[in-house]
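This report describes one protein model, moving from its overall fold to its surface and then to single residues. The sequence and structure are shown first.

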Amino acid sequence: MAGPMKRKELYKHLLKMMYEAGYFDEWRQTSEVCDRVNRDVPDRWTQMSPSAVFRYMRRLDVEERHMWQKTQMIRQWKRI
């Protein structure tokens, strides 16, 4: 079957490539991860939202921590 990857498959592929390239050697916030993935997603496609990052990150071997800024929880990830 020819053609581009499906959107969800592309998200998984991009995150796996970022993981293997050492992007998660430092703590990364949800917004950083989301912005980095969206650079490689075509403009006409639905961009990855910050709330969706967790679904894809839990499949990678990363450590998660939570930080609170006033009333907002910020998730961060780092390679184990």
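## Overall architecture

The model is predicted. Its secondary structure consists of three helices and three strands, and these elements follow one another along the sequence in the pattern α-β-α-α-β-β.

The C-alpha trace spans about 45 × 25 × 15 Å along its principal axes. Among contacts with a sequence separation of 6 or more, 52% join residues that lie 24 or more positions apart. Of the 80 residues in the protein, 32% count as buried.

## Surface and charge

The accessible surface of the protein amounts to about 6,000 Å². Carbon and sulfur atoms contribute 47% of that area.

The protein carries 17 positive and 11 negative charges, and the mean positions of the two sets are 6 Å apart. A positive patch on the surface is made up of Arg7, Lys8, Arg55, Arg58 and Arg59. One of these residues, Arg58, belongs to the loop that links helix H3 (53–57) to strand E2. Arg58 counts as exposed because its relative accessibility of 54% is over the 50% cut-off.

## The loop between strands E2 and E3

Lys70 sits in the loop between strand E2 (62–69) and strand E3 (72–79). Its backbone is notable for a phi angle near 55°, a positive value in a residue other than glycine.

Is Lys70 buried or exposed? The relative accessibility of Lys70 is 85%, so this residue counts as exposed.

## Asn38 in helix H2

Asn38 is located in helix H2, which covers residues 30–38. The relative accessible area of Asn38 is 15%; because this value falls under the 20% cut-off, Asn38 is classed as buried.

Which residues does Asn38 contact once its neighbours within four places in sequence are left aside? The contacts of Asn38 are then with Gln47 and Met48.

## Summary of the residues examined

The three residues considered individually can be set side by side as follows.

- Asn38, in helix H2, is buried at 15% relative accessible area.
- Arg58, in the loop between helix H3 and strand E2, is exposed at 54% relative accessibility and takes part in the positive surface patch.
- Lys70, in the loop between strands E2 and E3, is exposed at 85% relative accessibility and has a positive phi.

How values were computed
Residues are numbered from 1 along each chain as its sequence is written. This is a predicted model: local features need pLDDT of at least 70, side-chain atom pairs count only at pLDDT 80 or more; totals for chains, interfaces and linings use all residues. Side-chain values use heavy atoms; hydrogens and water are left out. Helices (H or I, at least four residues) and strands (E, at least two) are DSSP runs, numbered from the N terminus. Buried means under 20% relative accessible area, exposed over 50%, partly exposed in between (1.4 Å probe, protein chains only). Contact means heavy atoms within 4.5 Å. Accessible areas come from the Shrake-Rupley method with a 1.4 Å probe; for residues, only the protein chains shown count as cover. Lys and Arg count as positive and Asp and Glu as negative; His and the chain ends are not counted. The place of a charge is taken as NZ of Lys, CZ of Arg, CG of Asp or CD of Glu. Patches are made of residues with over 30% relative accessible area and no salt bridge: like charges are joined within 9 Å, nonpolar side chains (Val, Leu, Ile, Met, Phe, Trp, Tyr) within 5 Å. A salt bridge is a side-chain nitrogen of Lys or Arg within 4 Å of a carboxyl oxygen of Asp or Glu.
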